[in-house]
Amino acid sequence: MARLLLIEDDLAIRTPLIRALRERGHAVAAASTAMGGLRDALEDRPDLVVLDLGLPDLDGRELLRMLRAVSSVPVIVATARDDETEIVRVLDAGADDYVVKPFTAAQLDARARAVLRRSPGSGTPEPALVVGGLRVDPRSRQVTLDGTPVELTPREFDLLHHLAAHPGQVVTKRELLTEVWQIPYGGADKTVDVHLSWLRRKLGESAQEPRYLHTVRGVGVRLEAPRAAG
């Protein structure tokens, strides 16, 4: 049984959703304001937060940023905004997934179970991935390069982790958008390029002088260990 916190101000949505999620075996608490939801998230420490963006006291994106600053609790954003640019923004801000209104309790339940399966501490612990001097630990979400910690944002970590799970393979932008950002491919490939640029900078390399991240023009990117000199 998962403990869910639903932050939703619309009573007509909140009440039946709580009932339906409880019928599916979840323990559900609810808040109708952003600040009330932030307090409940910090005090009650739920397993997952379902966050509406259109809250009366604070925009949900701002609440997401506040929550991410103090907690790693998984967050599913529930929104009526189906614009791809907006969805990319909330995912980049730290959301783990999103659902577009109107949605059913069954859809939200499936999304919640999928997010919880991916969260640290669920199921069999995934071993650290090692590619050359790069070590990516999904349990602690920490990365080291030649023994030195590398500070990454949640999205940068997810991107690097996916590439490290497929060493030596060319991973397409379509796959990265689907698997890392959970959005369909369609014009958002600039998001991948920008995050790869940030990731390269933190790994001490560039597209012109790659060590680990190699762009395959028109296809995608490949992560591999640097070749020994000589």
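This is a short walk through one protein structure, from its overall build down to a few single residues.

Good morning, everyone; please keep in mind throughout that what we are looking at is a predicted model. Let me start with the whole chain, where the protein has 8 helices and 12 strands. If we draw a box along the principal axes, the C-alpha atoms of the protein fill roughly 65 × 35 × 30 Å. How does the radius of gyration compare with that of a compact globule? With 230 residues, a compact globule would come out near 17 Å, and the protein has 19 Å, which agrees.

Staying with the whole protein for a moment, 44% of the 230 residues count as buried, and the accessible surface comes to about 11800 Å², with 50% of that area belonging to carbon and sulfur atoms. When we take the contacts with a separation of 6 or more, residues 24 or more positions apart account for 54% of them. As for charge, there are 31 positive and 33 negative charges, and their mean positions are 3 Å apart.

Now to single residues, and I will begin with S32, which sits in the loop between β2 (27-31) and α2 (34-44). Is S32 buried or exposed, or something in between? Its relative accessibility is 34%, and therefore S32 counts as partly exposed. Setting aside neighbours within four places in sequence, S32 is in contact with E8, D9, R14, L55 and P56. S32 and L6 are 26 residues apart in sequence, while their C-alpha atoms are 8.4 Å apart in space.

Moving along the chain, we reach T79, a residue of strand β4, which covers residues 75-79. T79 counts as buried because its relative accessibility is 4%, where the cut-off for buried is under 20%. Beyond the residues up to four places away in sequence, T79 touches L53, V99, V100 and K101.

After that comes helix α4, residues 84-92, in which E86, I87, V88, V90 and L91 are buried. When you look at a list like that one, it helps to remember that an α-helix has 3.6 residues a turn, so residues three or four places apart point the same way. Just after α4, you will find G94, which takes a positive phi of about 125°.

The next stop is H162, found in helix α6, which runs over residues 154-164. With a relative accessibility of 13%, H162 counts as buried. Which residue does the side chain of H162 meet in a polar contact? The partner is E175, whose side chain makes that contact at 2.8 Å. E175 is also among the residues that H162 touches outside the stretch of four places either way in sequence, and the others are V171, L176, E179 and V180. By C-alpha atoms, H162 lies 32 Å from E43, with their positions 119 residues apart in sequence.

Finally, let us go to P226, in the segment after β12 (220-223). P226 has a relative accessibility of 32%, so this residue counts as partly exposed. Leaving out neighbours within four places in sequence, P226 is in contact with R211 and Y212. P226 and E8 are 218 residues apart in sequence, and from C-alpha to C-alpha they are 49 Å apart in space. To tie two of our stops together, E8 is also one of the contacts of S32.

Conventions:
Residues numbered from 1 in each chain as written. Predicted model: local features only at pLDDT ≥ 70, side-chain atom pairs only at ≥ 80, totals over all residues. Heavy atoms only, no water. Helix = DSSP H or I, 4+ residues; strand = E, 2+ residues; numbered from the N terminus. Rg over C-alpha atoms; globule rule 2.2 N^0.38 Å. Buried < 20%, exposed > 50% of the residue type's maximum accessible area, 1.4 Å probe, protein only. Contact = heavy atoms within 4.5 Å. Areas by Shrake-Rupley, 256 points an atom, 1.4 Å probe, with all protein chains shown as cover. Lys, Arg positive; Asp, Glu negative; His and termini not counted. Charge placed at Lys NZ, Arg CZ, Asp CG, Glu CD. Polar contact = N/O pair within 3.5 Å; in protein donor to acceptor, adjacent residues only side chain to side chain.
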